[in-house]
Amino acid sequence: MTDSNLPHGRDSLTDDLRWRGLIQDSTGPDELRELLDDGTATFYVGFDPTAPSLHVGHLMQVATARRLQLAGHRPLLLVGGATGQIGDPKESAERTLNPPEVVAGWVQRIRDQLAPFVSYTGANAAQLVNNLEWTGEMSVVEFLRDVGKHFPVNKMLAREVVRARLETGISFTEFSYQLLQANDFFELHRRHGCQLQYGGSDQWGNITAGVDYVRRRGAGPVQAFTTPLVTRSDGTKFGKTEGGAVWLDPEMTSPYAFYQFWVNADDRDVTRYLRYFSFRSREELESLEKETAERPAARTAQRALAEELTTLVHGAEETRQAVAASQALFGRGSLDDLAPETLRAALSEAGLVVLTGELPDVAGLLRDSGLVGGLKEARRVITEGGAYVNNTRVTDVDATVDPATLLHGRYLVLRRGKRSFAGVELRR
């Protein structure tokens with residue numbers, strides 16, 4: 001699996017990764033460059049099933065796996081059936097331990113979500129691995145003798161997240177997580193010839209412990225690097241909205257909401273996100289960065305990123321529907337062309353009011369949807385020509401809605417002016 005958009009001419013893969021800001025720390029810059037730029041390396045990145053779905057916070061690691069495979073390297077995508085039952089220590093408090101059968105179900109869901117990003121065929125075919133395969137069969141005595149003996153406790157206590165928990169308390173379960181992750185690297189090196197691990201910068205302590213453990217077991221050499229944690233310029237957490245996390249599972253975050261998350265990216269952040277997540281060439285990205293600086297109101301970079309990532313995660317048809325919905329809701333396209341699932345998802349993002357029985361008049365709908373504060377304001381908006389139902393302007397203050405105009409027999413799109421809209425769902 002290779003891609004012409006990767007920099008085989010002017011820059012090496014390592015140069016491209018550094019230009020994009022994707023390498024924060026590494027075990028050996030020269031050794032890493034040799035591994036990535038000369039030949040084919042087998043690498044791994046891990047995902048713990050601590051929820052039913054991956055979210056956009058995982059996209060950095062998923063996209064980097066795709067980027068490395070496109071350059072000719074072989075991915076091992078580890079889904080932590082074992083480590084997911086324990087959880088990496090958090091600075092705040094002990095994690096809730098999920099039942100093994102729940103974790104097993106989440107493992108399969110995450111496997112499916114990783115599928116669009118990599119190829120499972122070809123000379124450098126990706127392979128899904130589960131650390132429960134080797135951890136589950138290990139006895140306590142084997143774990144303590146073969147793994148635990150190689151880890152000085154003073155080094156483990158020096159981890160920042162462990163130090164933060166010493167006063168409030170940390171269980172041996174979470175304390176031992178580092179040993180399990182380090183053993184994953186050794187087992188993948190032994191079983192699959194894995195030479196490289198990467199992960200988020202918050203995993204640097206675990207990752208270097210794995211590199212050291214492989215060496216202590218007389219294997220290697222192996223290398224590692226970390227990607228930066230993705231942040232927002234305004235200080236809010238990346239991947240969060242008012243509705244919560246932005247998930248990759250379409251049942252948890254609709255493709256429309258996923259698309260809108262990227263469209264709404266801050267101008268201060270979008271060029272960085274493009275470098276992190278887009279597979280466009282350096283020349284294309286520099287052109288988008290220049291256009292964003294010169295014409296920020298056009299939001300060209302945001303739309304380009306939104307379309308690329310929504311297509312990658314949800315497919316071309318869902319992306320087409322999301323684009324069509326974002327245009328139609330503001331009167332720049334036909335509402336009739338939207339699938340009911342897309343329309344409802346879009347209206348839910350804006351604010352969807354569910355009504356039963358008879359529909360009120362248009363003024364009452366504007367009030368009930370929250371687009372105006374009361375009937376007096378609603379009538380004024382109508383009189384001034386600022387009220388729309390299904391993109392048709394309403395000028396009669398006593399106007400009612402013909403039930404035959406309900407989209408898919410149950411939805412109305414209300415708009416005040418050019419930018420404020422809301423939805424109504426009629427349930428009989």
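Modeller: A helix here is a DSSP run of H or I with at least four residues. Histidine 314 is found in one of these, helix H15, residues 300-314. The model is predicted.

Colleague: Why does histidine 314 count as buried?

Modeller: Buried means under 20% relative accessible area. Histidine 314 has 15% relative accessibility, so it counts as buried.

Colleague: What is histidine 314 in contact with, leaving aside its neighbours within four places in sequence?

Modeller: Contact means heavy atoms within 4.5 Å. Histidine 314 is in contact with Leu248, Pro250, Thr253, Pro255 and Phe258.

Colleague: Now leucine 144. Why does leucine 144 count as partly exposed?

Modeller: Leucine 144 lies in helix H6, residues 140-147. Partly exposed lies between the 20% and 50% cut-offs. Leucine 144 has 47% relative accessibility, so it counts as partly exposed.

Colleague: Which residues form a nonpolar patch on the surface with leucine 144?

Modeller: Val140 and Phe172 join Leu144 in that patch. Together the three have about 340 Å² of accessible area. To enter a patch, a residue needs over 30% relative accessible area. The 47% of leucine 144 passes that cut-off.

Colleague: On to the strands. What makes S1 and strand S4 stand at the edges of the sheet?

Modeller: Six strands form an open sheet, in the order S1-S6-S5-S2-S3-S4, with mixed pairing. S1 and S4 each have a single partner strand, so one side of each is left without a neighbour in the sheet.

Colleague: How do you know that S1 pairs with S6?

Modeller: Pairing needs at least two bridges. Two bridges join S1, residues 25-26, to S6, and these strands run antiparallel. Serine 26 stands opposite phenylalanine 225 in S6.

Colleague: Do S5 and S6 pair in the parallel or the antiparallel sense?

Modeller: Parallel, over five bridges. Glutamine 197 stands opposite alanine 224 in S6. S5, helix H11 (residues 204-216) and S6 also make a right-handed β-α-β unit.

Colleague: What makes strand S6 mostly covered?

Modeller: Five of its five residues, 223-227, are buried. Gln223, Phe225 and Thr227 point one way from S6. Ala224 and Thr226 point the other way. Residues on both sides of S6 are buried.

Colleague: How many bridges join S2 and S3?

Modeller: Six, in the parallel sense. S2 spans residues 42-47 and S3 spans residues 74-79. Tyrosine 44 stands opposite leucine 76 in S3.

Conventions: Residues numbered from 1 in each chain as written. Predicted model: local features only at pLDDT ≥ 70, side-chain atom pairs only at ≥ 80, totals over all residues. Heavy atoms only, no water. Buried < 20%, exposed > 50% of the residue type's maximum accessible area, 1.4 Å probe, protein only. Right-handed = clockwise from strand over helix to strand, strands pointing away. Patch = residues over 30% accessible without salt bridge, like charges linked within 9 Å, V, L, I, M, F, W, Y side chains within 5 Å. Areas by Shrake-Rupley, 256 points an atom, 1.4 Å probe, with all protein chains shown as cover. Salt bridge = Lys/Arg side-chain N within 4 Å of Asp/Glu carboxyl O.
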